[in-house]
Amino acid sequence: MAERQEQTAPDAVMTRIGQVVMLHHAGDREEARHRFLDLWAEIGEDGDPLHRCTLAHYMADAHDDPSDELAWDLRALTAAEELTDDRLAEHESALAVRALYPSLHLNLAADYVKLGRSDAARTHLRRARGAAESLADDSYGDGVRAAISRLELRLGEDGSSGTGGWRPPRQRP
């Protein structure tokens with residue numbers, strides 16, 4: 001593990017995104033939106049997919065308008081589709097590309113619920129559920145699976161269509 005950490009150089013853009021996320025979590029949504037937009041302009045539409053995916057994912061959360069939130073979540077998904085495991089491995093908190101999809105599709109499902117588009121919400125919820133099989137059995141994976149289950153209940157989904165083998169998170173002893 002130490003060898004992997006030595007091989008990964010700090011990513012200044014990811015650090016800056018993290019700083020804006022902390023600002024947002026501290027309650028300054030307006031300033032966070034402005035700083036995210038400045039970073040987005042700097043990164044550009046054709047910039048590093050990891051930077052675009054991460055920034056768009058967090059930018060969606062900084063919006064109050066569900067249409068704006070959807071637009072940013074769609075940008076995050078588009079950027080994720082350009083990512084490779086090799087690119088993610090360059091980042092110090094590396095994860096597999098496939099581990100991003102459950103959360104990205106879950107966010108899109110939630111956006112569509114807010115917009116009253118239940119069919120689109122169900123489509124992305126099924127994609128989130130299917131992709132959740134790639135999540136580790138850890139607090140992140142448990143949290144995403146639990147959020148999928150909550151949204152399934154809200155939409156009246158039973159969690160069994162489409163994947164068959166997916167189960168809600170296990171209770172830890």
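# Exercises on a predicted all-helix model

At the start of helix 4, the backbone nitrogen of Leu 50 has a side-chain oxygen of Asp 48 within 2.7 Å. The exercises below concern this predicted model.

**Exercise 1.** Determine how many residues of helix 4 are buried, and test its length against the expected span.

*Solution.*
Step 1. Helix 4 has 13 residues, which at 1.5 Å a residue should span 18 Å. Its end C-alpha atoms lie 19 Å apart, so the two values agree.
Step 2. Of these 13 residues, 11 are buried, and the helix is mostly covered.
Step 3. The buried set includes polar or charged side chains such as His 51, Arg 52, Thr 54 and His 57. Among the others in that set are Leu 50, Cys 53, Leu 55 and Met 59.

**Exercise 2.** Describe helix 9 from the residue before its start to the residue after its end, and state what covers its buried residues.

*Solution.*
Step 1. At the start, a side-chain oxygen of Asp 138 comes to within 3.3 Å of the backbone nitrogen of Tyr 140.
Step 2. The helix has 17 residues; from first to last C-alpha it reaches 24 Å, close to the expected 24 Å.
Step 3. Its buried residues are Gly 141, Asp 142, Val 144, Arg 145, Ala 147, Ile 148, Ser 149, Leu 151, Glu 152 and Leu 155. Helix 7 and helix 8 are included in what covers them.
Step 4. An α-helix has 3.6 residues a turn, so residues three or four places apart point the same way. Val 144, Ala 147, Ile 148 and Leu 151, each of them buried, are also touched by Leu 106.
Step 5. After the helix comes Gly 156, with a positive phi near 75°.

**Exercise 3.** Identify the residues that touch the most other members of the largest nonpolar core, and the helix that supplies its largest share.

*Solution.*
Step 1. The core holds 45 residues, and Ile 17, Phe 36 and Leu 106 touch the most other members.
Step 2. At least two core residues come from each of helices 2, 3, 4, 5, 7, 8 and 9.
Step 3. Helix 7 gives the largest share, 7 residues.
Step 4. Beyond its sequence neighbours up to four places away, Leu 106 touches Leu 125 and Ala 128, along with Val 144, Ala 147, Ile 148 and Leu 151.

**Exercise 4.** Decide whether His 105 is buried or exposed, and list its contacts outside its sequence neighbourhood.

*Solution.*
Step 1. His 105 belongs to helix 7, residues 101–114.
Step 2. Its relative accessibility is 9%; because buried means under 20%, His 105 counts as buried.
Step 3. Leaving aside neighbours within four places in sequence, His 105 contacts Leu 77, His 124, Arg 127 and Ala 128.

**Exercise 5.** Characterise the aromatic pair and the charge beside it.

*Solution.*
Step 1. The structure holds 1 aromatic pair. Trp 40 and Trp 72 form it, edge-to-face, with 5.0 Å centre to centre and 90° between the planes.
Step 2. Trp 40 lies in helix 3 and Trp 72 in helix 5, 32 residues apart, and the pair thereby links distant parts of the chain.
Step 3. Both tryptophans, Trp 40 and Trp 72, are buried.
Step 4. Arg 75 lies over the face of Trp 72, 4.2 Å from the ring centre.

**Exercise 6.** Summarise the protein chain as a whole.

*Solution.*
Step 1. The chain contains 9 helices and 0 strands.
Step 2. Of its 173 residues, 45% are buried.
Step 3. Among contacts between residues at least 6 apart in sequence, 59% join residues at least 24 apart.

How values were computed
Residues are numbered from 1 along each chain as its sequence is written. This is a predicted model: local features need pLDDT of at least 70, side-chain atom pairs count only at pLDDT 80 or more; totals for chains, interfaces and linings use all residues. Side-chain values use heavy atoms; hydrogens and water are left out. Helices (H or I, at least four residues) and strands (E, at least two) are DSSP runs, numbered from the N terminus. Buried means under 20% relative accessible area, exposed over 50%, partly exposed in between (1.4 Å probe, protein chains only). Contact means heavy atoms within 4.5 Å. A nonpolar core is a set of buried Ala, Val, Leu, Ile, Met, Phe, Trp, Tyr and Cys residues joined through side-chain atoms within 4.5 Å. The expected span of a helix is 1.5 Å times one less than its number of residues. A polar contact is a pair of N or O atoms within 3.5 Å; within protein, one must be able to donate a hydrogen and the other to accept it, and residues adjacent in sequence count only if both atoms are side-chain atoms. Rings of Phe, Tyr and Trp (its six-membered ring) pair if their centres lie within 6.5 Å; planes under 30 degrees apart count as stacked, over 60 as edge-to-face and the rest as tilted. A charge sits over a ring if NZ of Lys or CZ of Arg is within 6 Å of the ring centre and within 35 degrees of the ring normal.
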